[in-house]
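Q: Hey, I've just opened this one and I'm new to it. Can you walk me through the pockets and the surface?

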Amino acid sequence: MKEGQPGAILLKDYQTPGFIIAQTDLKVELGEDETLVTCSLTLRRNPEAERAEDLVLDGQELELTALQVDERELGSNEFSVDEDSLTV
């Protein structure tokens, strides 16, 4: 495995996801120097999972430009972002 690649998740480590993605909409704008991807997710809590307090989305080398929930932009105190994930 290349350095910096995410590790494998073993079956023994699997957990039922706290959220179900009902719909994903992607808009991709390819430019000469950059690519802009706009993603809209429709999520709901998974009734078969233990109650998940936070939604954690994994990603690397991404720049967050806006974050909205129910069409309301979240303040910086309502989420956290680091080099590997976004937590809401």
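A: Sure, starting with the largest pocket: E2 gives the largest share of its lining, 11 residues. Keep in mind that this is a predicted model.

Q: Which other elements give two or more residues to that lining?
A: Besides E2, they are strand E1 (19-30), strand E3 (56-58), strand E4 (68-69) and strand E7 (85-87).

Q: And how many residues line the largest pocket, and which lie nearest its centre?
A: There are 39 in the lining, and Cys 39, Leu 64, Ala 66, Leu 67 and Leu 86 lie nearest the centre.

Q: How much space lies in there?
A: About 1600 Å³.

Q: What's the lining like by class?
A: For the largest pocket you get 18 nonpolar, nine polar and 12 charged residues.

Q: OK, what about the second largest pocket, what's its volume?
A: Its volume is about 200 Å³. The lining has 10 residues, with Pro 17, Gly 18, Phe 19, Leu 55 and Val 56 nearest the centre. E1 and E3 are the elements that give two or more residues to that lining.

Q: And its classes?
A: Eight nonpolar, one polar and one charged in the lining of the second largest pocket.

Q: Switching to the surface: which residues form the nonpolar patch?
A: Ile 21, Leu 41, Leu 43 and Leu 57, which together have about 290 Å² of accessible area.

Q: Where does Leu 43 lie?
A: In strand E2, which covers residues 35-45.

Q: Why does Leu 43 count as partly exposed?
A: Because its relative accessibility is 32%, and partly exposed runs between the 20% and 50% cut-offs.

How values were computed. Residues are numbered from 1 along each chain as its sequence is written. This is a predicted model: local features need pLDDT of at least 70, side-chain atom pairs count only at pLDDT 80 or more; totals for chains, interfaces and linings use all residues. Side-chain values use heavy atoms; hydrogens and water are left out. Patches are made of residues with over 30% relative accessible area and no salt bridge: like charges are joined within 9 Å, nonpolar side chains (Val, Leu, Ile, Met, Phe, Trp, Tyr) within 5 Å. Accessible areas come from the Shrake-Rupley method with a 1.4 Å probe; for residues, only the protein chains shown count as cover. A salt bridge is a side-chain nitrogen of Lys or Arg within 4 Å of a carboxyl oxygen of Asp or Glu. Helices (H or I, at least four residues) and strands (E, at least two) are DSSP runs, numbered from the N terminus. Buried means under 20% relative accessible area, exposed over 50%, partly exposed in between (1.4 Å probe, protein chains only). On a 1 Å grid over the protein atoms alone, a cavity is a set of points where a 1.4 Å probe fits but cannot get out, and a pocket is an open set with protein on both sides within 12 Å along at least five of seven lines; lining residues have an atom within 4 Å of a point. Grid points are joined across faces, edges and corners, and a volume is the space filled by probe spheres set on the points. Ala, Val, Leu, Ile, Met, Phe, Trp, Tyr, Cys and Pro count as nonpolar, Asp, Glu, Lys and Arg as charged, and the others, Gly among them, as polar.
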